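Subject: Structure handover

Hello,

Here is the structure you are taking over. My notes on what was found in it follow below.

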Amino acid sequence: LLRTIMLLLRDDDVRACLSFEEAIAVNKDAFTADAIVPNRLILDVKGHGATLFKPALLPASSASDSSSSSSSSPSVATGGVGGGAMGAKIVSVRPGNASLGLPTVPGFIVMVHEETGALEALIEGTYLTALRTAAGSALSASLLSLPSSRSLVVFGAGMQAEAHIQAILCVRKIQHVTIWNRTKEKAQQLVSKLSTLHKDIKFTVCESVEASVRKGDILVAATNSSSPLWDGAWVKKGTHIIGVGSFTPTMQEIDQETVTKSIIVMDSPGAKSAGDIHIPLQNRSLTEDRLLLIGDVIRGHASVTHDPHSTPAAAMLGRQSPDDITFFKSVGTAVQDIATSRAVLQNARKMSIGMDIPFMEPSSS
């Protein structure tokens, strides 16, 4: 019989089901998958905030093809008879939740059986969102940052910041991590936590933004700031920058000078609507022909790996020299959510993690 049991997975279950290394491999496949990703739907809930509905479908054929490209990654595509991955992320912005002791950005993922339409899983989305975002960013670091990168500077001290540090440590031999936060105490708490987990790495609280940026090999912006976090004149040659905090046209974590002198790679075309890119596009200091997609960069690297003598156009995307400054702008995509959720669901079934809830019983006829 086809599965008629829904699996409920909480944040802690997701942590147990998928490592950062696995998530990076899954997201690498997701960025190059032949996915169907409709435009997101945004509902304005007056007086409370907004709720976003973000669906995606990874058809069986493309999901199987994409998963075969990385032997170390869990398959994204074996979700049942149809073999595909289908679902939607529902995420809300509710600033008033802070006074209630609830997350201000609650979210969850609904996974649906591709063939039957039955509900397969309900997955808490707070940690999964941080995991898949950080995995995509770490992937960008593996493709665009200098292999010699040893200094990581992170702006923000929340779940996204912590996840980014953990993920980037998987792809680069970082020796020193500097953490800046508007509330210094939160930065210190994260430093203390990570120092215990990674005793061979030096973690410090940022005392000078300028000094930290000037020394940083990789810079991560994971805040809700609407104004730039640093001056572009401070960014040294060869730096890789990751921006994940801004998601509206007026939010600008990364200043215009930094952006316009960088090789720019986006997780999706939707990144153009974030202020980091939107503002310089609007004032014409940046043109769209300079914007690259990470999926194309991945394909280019893969073609060089398989045939070192070939020089297809895609292989030339991304960093061209050690002096280049590279900028990865991420706003998150539904295909990342669904691909990551599929891997989590697969591993949860294998590991007997989560709560099974009977749902849509087969008809006796």
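The protein chain contains eleven helices and 15 strands. Please keep in mind that this is a predicted model.

Overall picture

The protein chain has 365 residues, and 52% of them are buried. Its accessible surface is about 16400 Å², and carbon and sulfur atoms account for 55% of that. If one takes the contacts between residues at least 6 apart in sequence, 74% of them join residues at least 24 apart.

Helix α5 and its two partners

Most of my notes concern helix α5, which covers residues 159-168. Eight of its ten residues are buried, so α5 is largely enclosed by the rest of the structure. The buried residues in α5 are Ala-161, Glu-162, Ala-163, His-164, Ile-165, Gln-166, Ala-167 and Ile-168.

One partner is helix α4, residues 126-144, which packs against α5 with the axes 8 Å apart and at an angle of about 45 degrees. That angle makes α4 oblique to α5. The two helices cross in a right-handed sense. From α4, the contact involves Thr-126, Tyr-127, Thr-129, Ala-130, Thr-133, Ala-134, Ala-135, Ser-137 and Ala-138. From α5, Met-159, Gln-160, Ala-163, His-164, Ala-167 and Ile-168 take part. By type, the residues of this contact of α4 with α5 are nine nonpolar and six polar, with no charged residue.

The other partner I noted is helix α6, residues 184-197. The axes of α5 and α6 lie 11 Å apart, and the packing angle is about 25 degrees. The two are therefore roughly parallel to each other, since angles under 35 degrees count as such. This crossing of α5 past α6 is right-handed. Glu-162, Ile-165 and Gln-166 are the α5 residues that meet α6, where Leu-190, Lys-193, Leu-194 and Leu-197 are on the other side of the contact. The residues in the contact of α5 with α6 comprise four nonpolar, one polar and two charged.

Helices α2 and α11

A further helix pair is α2 (residues 20-31) with α11 (residues 334-351). Their axes are 9 Å apart, and the angle between them is about 135 degrees. α2 and α11 are therefore oblique to each other. α2 passes α11 in a right-handed crossing. On the α2 side, Glu-22, Val-26, Asn-27, Ala-30 and Phe-31 make the contact. Their counterparts in α11 are Val-335, Gln-336, Ala-339, Thr-340, Ala-343 and Asn-347. Sorted by type, the residues of the contact of α2 with α11 are six nonpolar, four polar and one charged.

Two buried loop residues

Which loop holds Ile-174? It sits in the loop between α5 and β8, the latter being residues 176-180. Ile-174 has a relative accessibility of 6%, so it counts as buried. Beyond its neighbours within four places in sequence, Ile-174 is in contact with Ser-149, Arg-150, Ser-151, Leu-152, Ile-168, Leu-169, Ile-201 and Ile-218. The C-alpha atom of Ile-174 is 9.0 Å from that of Ser-148, although 26 residues separate the two along the chain.

Asn-97 is in the loop between β4 (85-93) and β5 (107-112). Its relative accessible area is 14%, and as the limit for buried is under 20%, Asn-97 is buried. Leaving out residues up to four places away in sequence, Asn-97 touches Leu-102, Pro-103, Thr-104 and Pro-106.

Two residues with positive phi

Most residues other than glycine have a negative phi. Two residues are worth a look on that account.

Arg-284 is not a glycine, yet its phi is positive, at about 65 degrees. Arg-284 lies in the loop between α9 (275-282) and β13 (291-293). Is Arg-284 buried or exposed? With a relative accessible area of 76%, Arg-284 is exposed.

Ser-352, also a residue other than glycine, has a positive phi near 55 degrees. Its place is the loop between α11 and β15, where β15 covers 355-358. Ser-352 has 67% relative accessibility and therefore counts as exposed.

Regards

How values were computed:
Residues are numbered from 1 along each chain as its sequence is written. This is a predicted model: local features need pLDDT of at least 70, side-chain atom pairs count only at pLDDT 80 or more; totals for chains, interfaces and linings use all residues. Side-chain values use heavy atoms; hydrogens and water are left out. Helices (H or I, at least four residues) and strands (E, at least two) are DSSP runs, numbered from the N terminus. Buried means under 20% relative accessible area, exposed over 50%, partly exposed in between (1.4 Å probe, protein chains only). Contact means heavy atoms within 4.5 Å. Accessible areas come from the Shrake-Rupley method with a 1.4 Å probe; for residues, only the protein chains shown count as cover. Axes are lines fitted to C-alpha atoms, for helices over the stretch in contact, and angles run from 0 to 180 degrees between N-to-C directions. Angles under 35 degrees count as roughly parallel, over 145 as roughly antiparallel, 65 to 115 as roughly perpendicular and the rest as oblique. A crossing is left-handed if the near helix is turned anticlockwise from the far one by less than a right angle, and right-handed if clockwise. Ala, Val, Leu, Ile, Met, Phe, Trp, Tyr, Cys and Pro count as nonpolar, Asp, Glu, Lys and Arg as charged, and the others, Gly among them, as polar.
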